[in-house]
Amino acid sequence: MATLIIVPGWQDSGPQHWQTLWEKGFPGCLRVRQADWQHPDRAAWVQGLDDTVQMAEDEIVLVAHSLGCITSVHWLATLSLRAQRRVRGVLLVAPPDVTGEGFVANVPASGFAPQPDWRLPAPAIVVASSNDPYCQIDRAERMAQSWGAHFVDLGPAGHINAESGLGSWETGQRLLQRLILGD
């Protein structure tokens, strides 16, 4: 069984966020803890993800939200071929356009642009919303294409976070199951 690695985005995922609910509901999950949730720095965040992955003893599935998606893609770009084999799947939810106006004007992040533009080394699913303030849906679809990921348009679901009212997000759990089972 693969270990789920929860990779939150800017400001972490609060108690009603689907990532937090999944962490509580799926035994054996590991959650990335960043030293600074308010002022993300790519190098520090990639290291935080790597430190968490090192705690897993078997294959992993990354479950990333928002800036955690971009952190995950940057981290994947640093791996050796041997290390890439540990990654069973990647669920990327609401990836932001780190060069887009909605993101740049609101998130004090450093070093995340340019976003990696290469095929990910593991099966991946990108889930986006048609009214996400941090990324236009067509941009999210282009990211998915460049990463070789299956693209899911969730419709108008905001930033796919606690404010979206998804609870434990059953649709996301089904997508996660697809990655774990390789369907």
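This passage looks at the two largest pockets of a predicted model and at the surroundings of one tryptophan. Local features need pLDDT of at least 70 and side-chain atom pairs count only at pLDDT 80 or more, while totals for chains, interfaces and linings use all residues. Residues are numbered from 1 along each chain as its sequence is written, and side-chain values use heavy atoms, with hydrogens and water left out.

Trp 147 sits in helix 6 (residues 137-147); helices here are DSSP runs of H or I of at least four residues, strands runs of E of at least two, numbered from the N terminus. With a relative accessible area of 0%, Trp 147 is buried (under 20%, 1.4 Å probe, protein chains only). Leaving aside neighbours within four places in sequence, its contacts (heavy atoms within 4.5 Å) include Ile 70, Val 73, Leu 92 and Pro 95, plus Leu 120. The C-alpha atoms of Trp 147 and Leu 120 are 5.2 Å apart, though 27 residues separate the two along the chain.

As for pockets (open sets of points on a 1 Å grid over the protein atoms alone, where a 1.4 Å probe fits, with protein on both sides within 12 Å along at least five of seven lines; lining residues have an atom within 4 Å of a point), the largest has a volume of about 260 Å³. Of its 17 lining residues, Trp 10, Gln 11, His 65, His 159 and Asn 161 lie nearest the centre.

The second largest pocket comes in at about 170 Å³, volume being the space filled by probe spheres set on the points, which are joined across faces, edges and corners. Helix 7 supplies the largest share of its lining, four residues.

Note on methods:
Buried means under 20% relative accessible area, exposed over 50%, partly exposed in between (1.4 Å probe, protein chains only).
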